[in-house]
Amino acid sequence: MADKTEMVLVSRDELQQLIGASVRCAFEEYQQVQTPQDTSEYYTIRQLAEKWGVSIATIWRHEKLGHIKGQRIGRRVLFPKEQIDRIKSLKATSRGKTKQSKE
């Protein structure tokens with residue numbers, strides 16, 4: 001069976017409305033997929049900088065180097081608390097080993 005192609009005449013305004021509605025629908029679906037369900041499980045870049053006592057530029061540098069991985073959502077970058085807490089504990093562990101080896 002061959003698919004039938006049907007041509008329909010629409011005005012410019014109707015076409016703009018159809019395209020606008022389609023784009024809005026696609027954007028809403030994209031936001032639902034991309035937005036973390038529970039933002040309390042994430043740090044913003046500002047929260048992470050305050051937590052570690054460093055500048056926002058330092059956080060960006062670590063993210064660029066791949067030391068930490070942020071989840072990009074539009075223009076926002078969120079960092080999973082689980083990942084950050086794990087990194088924090090690894091830092092504390094490695095410092096403890098360094099101090100013990102110096103003694």
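Here are some short exercises on the chain shown above, each with a worked solution.

This is a predicted model, in which local features need pLDDT of at least 70 and side-chain atom pairs count only at pLDDT 80 or more, while totals for chains, interfaces and linings use all residues. Residues are numbered from 1 along each chain as its sequence is written, and side-chain values use heavy atoms, with hydrogens and water left out.

**Exercise 1. Find out how many helices and strands the chain has, and in what order they run.**

Solution. Start with the definition: helices (H or I, at least four residues) and strands (E, at least two) are DSSP runs, numbered from the N terminus. Counting them gives four helices and three strands. Now read from the N terminus: the order is α-β-α-α-β-β-α.

**Exercise 2. Work out which residues form the largest nonpolar core, and which element gives the most to this core.**

Solution. First, the terms. Buried means under 20% relative accessible area, exposed over 50%, and partly exposed in between (1.4 Å probe, protein chains only). A nonpolar core is a set of buried Ala, Val, Leu, Ile, Met, Phe, Trp, Tyr and Cys residues joined through side-chain atoms within 4.5 Å.

Next, list the members: the largest core has eleven residues, namely Tyr43, Ile45, Leu48, Ala49, Trp52, Ile59, Ile68, Val77, Phe79, Ile84 and Ile87. Helix H2 (45-52), strand S3 (76-80) and helix H4 (81-102) each supply at least two of these residues. H2 gives the most, with four residues.

Finally, look at one member, leucine 48. Contact means heavy atoms within 4.5 Å. Setting aside neighbours within four places in sequence, leucine 48 is in contact with Tyr43, Ile59, Ile68, Phe79 and Ile84.

**Exercise 3. Decide where on H2 the buried residues sit: on the same side or on opposite sides?**

Solution. Begin with the names: Ile45, Leu48, Ala49 and Trp52 are the buried residues of H2. They lie on the same side of H2, because they cover an arc of only 100 degrees around the axis. That arc is taken from the directions from the helix axis to the C-beta atoms. A general rule helps here: an α-helix has 3.6 residues a turn, so residues three or four places apart point the same way. On the other side of H2, Arg46 and Glu50 are exposed. After H2 comes glycine 53, with a positive phi near 70 degrees.

**Exercise 4. Determine whether glutamine 83 and glutamate 63 are buried or exposed, and what they touch.**

Solution. Take glutamine 83, found in helix H4. Glutamine 83 counts as buried because its relative accessibility is 14%. Apart from residues up to four places away in sequence, glutamine 83 touches His67, Ile68 and Lys69.

Then turn to glutamate 63 in helix H3 (residues 56-65). At 14% relative accessibility, glutamate 63 counts as buried. Beyond its neighbours within four places in sequence, glutamate 63 is in contact with Ile68, Gly70, Arg72 and Phe79.

**Exercise 5. Identify the ring over whose face lysine 81 lies.**

Solution. Lysine 81 is in helix H4 and counts as partly exposed, at 26% relative accessibility. Leaving out residues up to four places away in sequence, lysine 81 touches Ser40, Glu41, Tyr42 and Tyr43. Now apply the rule: a charge sits over a ring if NZ of Lys or CZ of Arg is within 6 Å of the ring centre and within 35 degrees of the ring normal. The ring is that of tyrosine 43, with lysine 81 over its face at 5.2 Å from the ring centre.
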